[in-house]
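Me: I've got a model open and I'd like to check the labels people put on it. Can we go through them one at a time?

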Amino acid sequence: YDSFGLATAIAVVFVAAAALTLVPALCRLGGRKLLPRAVRRNRPQHTREPLTARWAARVGRKPVVWALVSLGALLVLAAPVLDLRTWPGDASSQPAGNTTRQAYDLVAAEFGPGANGPLTVVVPTSAAGAADEAVATLRADDRIAAVEPVVTTPDGALSIITAEPAFGPTDERTPELIDDLRAALPASAEVTGWTPFFSDISDMLQERLWLVIAFVV
């Protein structure tokens, strides 16, 4: 999980370092070639003040007002972030013409939407009665469409239970379902699989998103 944050931080640091070192060095190598052609040939410039200079002067006369206007515009543009979902994309987010999307839709149509994101519950066999309790908890939840029979690993150490939600993995109800199951299942049970894995990543991204934004800014 930490690799996501580290990769982002490293990328930002190197971009900033390049902007402060590499870009000025390249500009120095370019010399006068980077200047406008008229300046390089010492041609007379237009006496009219550039638009950017006039705009800067206008803003400079009332900096507080323009700062508040800019801040308000940025807040309006950033408002959708409050409803942002950071759930990683899967085959359901791909174009309808892609074969992976067609396979996803076919599985959902024939076996139910939850078949594309089953949950795996792992219980140690040493915990007496925990597997049966976990099965009963899963079957009592209306958000679980089906629960497969318990499978024991070849070494007899773990009991594996596969549960199929009543909705797809990208559904807004999925994170809540996973959190509720982790709270309701026996303490020795672990909820895992690709769907819980993506849910955990989504929660971590939401918790740290503001830190990333602050760091970038």
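What follows is a back-and-forth on where each label comes from, for what is a predicted model.

Me: Let's start with the overall shape. Why is the protein chain called more spread out than a compact globule?

Reply: Its radius of gyration is 28 Å, and the globule rule gives 17 Å for 217 residues, so the chain comes out as more spread out than a compact globule. The C-alpha atoms fill a box of roughly 90 × 40 × 40 Å along the principal axes. Of the 217 residues, 20% count as buried.

Me: And what is the chain built from?

Reply: There are 8 helices and 5 strands. Along the sequence they run α-α-α-α-α-β-α-β-β-β-α-β-α.

Me: What makes H7 and H8 roughly perpendicular?

Reply: Helix H7 (residues 174-184) and helix H8 (residues 194-216) pack at an angle of about 105°. The roughly perpendicular class runs from 65 to 115 degrees, and H7 and H8 therefore belong in it. Their axes are 10 Å apart.

Me: Which residues meet there?

Reply: From H7 you have Thr174, Pro175, Ile178 and Arg182, and from H8 Thr195, Pro196, Ser199 and Asp200. That contact divides into 3 nonpolar, 3 polar and 2 charged residues.

Me: How do you know that arginine 182 and aspartate 200 form a salt bridge?

Reply: Their side chains meet at 2.9 Å, N to O. The cut-off is within 4 Å, so the pair qualifies. The two partners are 18 residues apart, arginine 182 in helix H7 and aspartate 200 in helix H8. Arginine 182 counts as partly exposed, at 35% relative accessibility.

Me: How many salt bridges does a search of the whole structure find?

Reply: The search finds 6. Among them is arginine 173 with aspartate 171, whose closest N and O atoms are 2.9 Å apart. Arginine 173 has 44% relative accessibility and aspartate 171 has 23%. Partly exposed covers what lies between 20% and 50%, so arginine 173 gets that label, and so does aspartate 171.

Me: Then why is aspartate 141 called buried?

Reply: Its relative accessible area is 14%, and buried means under 20%, so aspartate 141 makes the cut. Arginine 143 meets aspartate 141 in a salt bridge (3.0 Å, N to O), but arginine 143 is partly exposed at 23%.

Me: What makes Asp141, Arg143 and Asp180 one network?

Reply: Salt bridges that share partners join Asp141, Arg143 and Asp180.

Conventions: Residues numbered from 1 in each chain as written. Predicted model: local features only at pLDDT ≥ 70, side-chain atom pairs only at ≥ 80, totals over all residues. Heavy atoms only, no water. Axes fitted to C-alpha atoms, helices over the stretch in contact; angles between N-to-C directions. Helix = DSSP H or I, 4+ residues; strand = E, 2+ residues; numbered from the N terminus. Parallel < 35°, antiparallel > 145°, perpendicular 65-115°, else oblique. Contact = heavy atoms within 4.5 Å. Nonpolar A, V, L, I, M, F, W, Y, C, P; charged D, E, K, R; others polar. Buried < 20%, exposed > 50% of the residue type's maximum accessible area, 1.4 Å probe, protein only. Rg over C-alpha atoms; globule rule 2.2 N^0.38 Å.
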